[in-house]
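Dear colleague,

Please find below the structure that I am handing over to you. A summary of the findings follows it.

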Amino acid sequence: MPLSGASSSYSQASVTHQYDVFISFRGEDTRNGFTSHLHSALRRNQIETFIDYRIQKGGAIWNELVEAIRDSNLFLVIFSENYASSKWCLRELAEIIECKKENENVIVIPVFYRIEPTHVRKQSGTYHTAFAEHERSLERSVVQQWRTALFEASNLSGFHCDHHRQEAELIDEIVKAIFPNLNSNCYRDELKSPFICNRNYTSVKSLLKFKSEKVLVIGIWGMAGIGKTTIATTLFHECSSEYEDHCFLAFSKNLEGKGLNHICAKLLSQLLNQDLRINNIRVIHSSIIRKLKHRKVFVVLDDVTNSQIAADLIQLFRNCLSYGSRIILTTRDRNVLTSGGVEEIHEVKEMNFEDSLKLFSHNAFNDSHPKEDYYELSTRVVADYAKGIPLALKILGSFLRTKEKSEWDSALRKLRKYPNADIQQVLRLSYNALDDDEKNILLDIACFFYEHEMEMVTKILNSCGFFADIGIKSLLDKSLVSIYSNGSCKYIKMHSLIQEMCWKIIHEEYSKNGGQQTRLWNTEEVCNIFQDERDIHGVESMIVDMNEITIDPRIIIIALRKMPKLRLLALRGNINMDLEWNRVLIEGFQFPNDLRYIEWDKCPLKIVPSICWPQKLVQLSMQGSNIEKLWDTAQLNTTSGARSVARKKQSKSKKIRTKANIEIPLLSPALPSTTEGVST
């Protein structure tokens, strides 16, 4: 029988839940017959199903059952003659109905197996007898909760199997009814918020080229939370009915872990509405190929992360699907698309301010614009924090919906120190997919090289032992960083939410590493660390604004010799020093030998002794400084092995803006011993 609301499935379940279906049944009635056959049919159709014998022996049975219920997408409740006599079944049912109350889109399908639905609804016959027994031994409130759950579940649309109906036929109908619910589970929730039709949506829709007759594969690419799934969801919702068959398959770590054959079987089973088992994607039965060749389909593969799986599926689509079919593939990694030869790729950009304010307002005020007295606060959220990321706009809008103005202000200030955990969790999916080299490069960019020149950053990171050329390319592909041009130069940057994520990761390192932090960028934090005399041995990069420090600047400068792992250093701002100051600093001053990059503009020293210069220095910037002489002895060029004396013109260095007057002392092989890496 048709299911009312079968198309109104819930949340991004296939992304976040382990089981497609949970079966609740009375073991002594149906375990060895109907339920076992139903379970086999579901498994044959690659529908991940929980049944009670999956509970680990020796485990806490009820706790495991509750966990499985919470981790399931859809529920089949098999009402049989003795179902109500089981306290266990009734507890299970009450938990299922509780899930439905918490989420109105949860699907519960009753199956009345050889019992009249009216007996269950009215709790008559064996059900009346069972409840009478329960009332004699249990608290009234518990029994009433079970009665209510039973009544609510039995009044849902479902299936009836009497003695005159073939069970195999009924099982086929149940499986077919489940498929569309699983297909749509992953996208319906995306449409709960009003969809803001912006340039990203119109661009992707134009790529579909509906009049084209070939099998077209379109890639939607962008950072986590940027709205890729929402765009694909909306297009699927609007366009899938124009095709003979359609499928929305949400990928997850669990799904990809089961391998290509399982994914292919699940996909084709849903497209063809039949039980398929694929042992080898390259040897698919000719009858399946013939069916696919005669069907124009619309498929969305959402959040794919495995390049090889993507490439193999794309090849299958092109070889097997009918002309006119459309495939949309969303991913956080551009390489997933390019390795599969996707013809058309759209990079999803941040929403503009106007559209961002609309989306935020829908979630915060259930309206297309903010309340009048909340406008300024709303623009702070949109412009200063979310910055065009739909995920952040939705989460923050929902969070602030019931808050007073004073709470809004407090929440926004708190976000600067403690980023929203739900947003961070999604962003970290991309970070967790990086290798250690890529993670270090990303953290260096976030904590030190934000909006620095791309070529210079690459050169310095290479000198640090990282594989920066391919590493930065990978970060670009995963939308964790981006490049912008200013004149002939290219600069590297990232979204502020990703930068906050990186800062959070560094602070977590501090907790895990016994109080050691690898990167310092906040002047207030730097002052606290030095003031508290914390361990600075592991610091690899440090930025300090000397205009903002609250401690004696000599403490910071002299302490550099206690940072043997320091690779990147930036001391910014003015320090007023008298001659005695200069003398004391020179006596106690020593650059760490691992330094590759030094930025000390407006340096108050007039001379830095030769022994102070690090052996691996690649880039030196001392613009506007008081330096009159960089060193006072000849320096060995480690690249050529020759000696090169670096001299400076007698004019004040703070007046010099070119690189023409200084030769680089003792540089690593990343640069020759010329003036290229020195900026005074």
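Two residues are taken to be in contact when heavy atoms lie within 4.5 Å, and a residue counts as buried when its relative accessible area is under 20%. Please note that the model is predicted.

With those terms in place, I begin with helix α19, which spans residues 390-400 and is mostly covered, eight of its 11 residues being buried. These are Pro390, Leu391, Ala392, Leu393, Ile395, Leu396, Gly397 and Leu400. The buried residues pack against α17 (353-365), α18 (375-386), α20, α21 (421-432) and α25.

Helices α20 and α25 also appear at the second largest pocket, where the elements giving two or more residues to the lining are α20 (405-417), α25 (496-512), α26 (523-531) and β15 (541-545). The pocket holds about 800 Å³ of space. Its lining comprises 24 residues, and those nearest the centre are Lys417, His507, Trp521, Asn522 and Glu525. The greatest contribution comes from α25, with six residues. By character, the lining divides into 11 charged, eight nonpolar and five polar residues.

Elsewhere there is an open sheet of five strands, paired in parallel in the order β2-β1-β3-β4-β5. Strands β2 (49-50) and β5 (159-161) are at the edges with a single partner strand each, so one side of each has no neighbour in the sheet. The parallel pairing of β2 with β1 (residues 19-24) runs over two bridges; Phe22 has Phe50 of β2 as its bridge partner.

Yours sincerely

Terms used:
Residues numbered from 1 in each chain as written. Predicted model: local features only at pLDDT ≥ 70, side-chain atom pairs only at ≥ 80, totals over all residues. Heavy atoms only, no water. 1 Å grid on protein atoms, 1.4 Å probe; cavity = no way out; pocket = protein on both sides within 12 Å on 5 of 7 lines; lining within 4 Å. Points joined across faces, edges and corners; volume = space filled by probe spheres on them. Helix = DSSP H or I, 4+ residues; strand = E, 2+ residues; numbered from the N terminus. Nonpolar A, V, L, I, M, F, W, Y, C, P; charged D, E, K, R; others polar. Pairing = 2+ DSSP bridges. Buried < 20%, exposed > 50% of the residue type's maximum accessible area, 1.4 Å probe, protein only.
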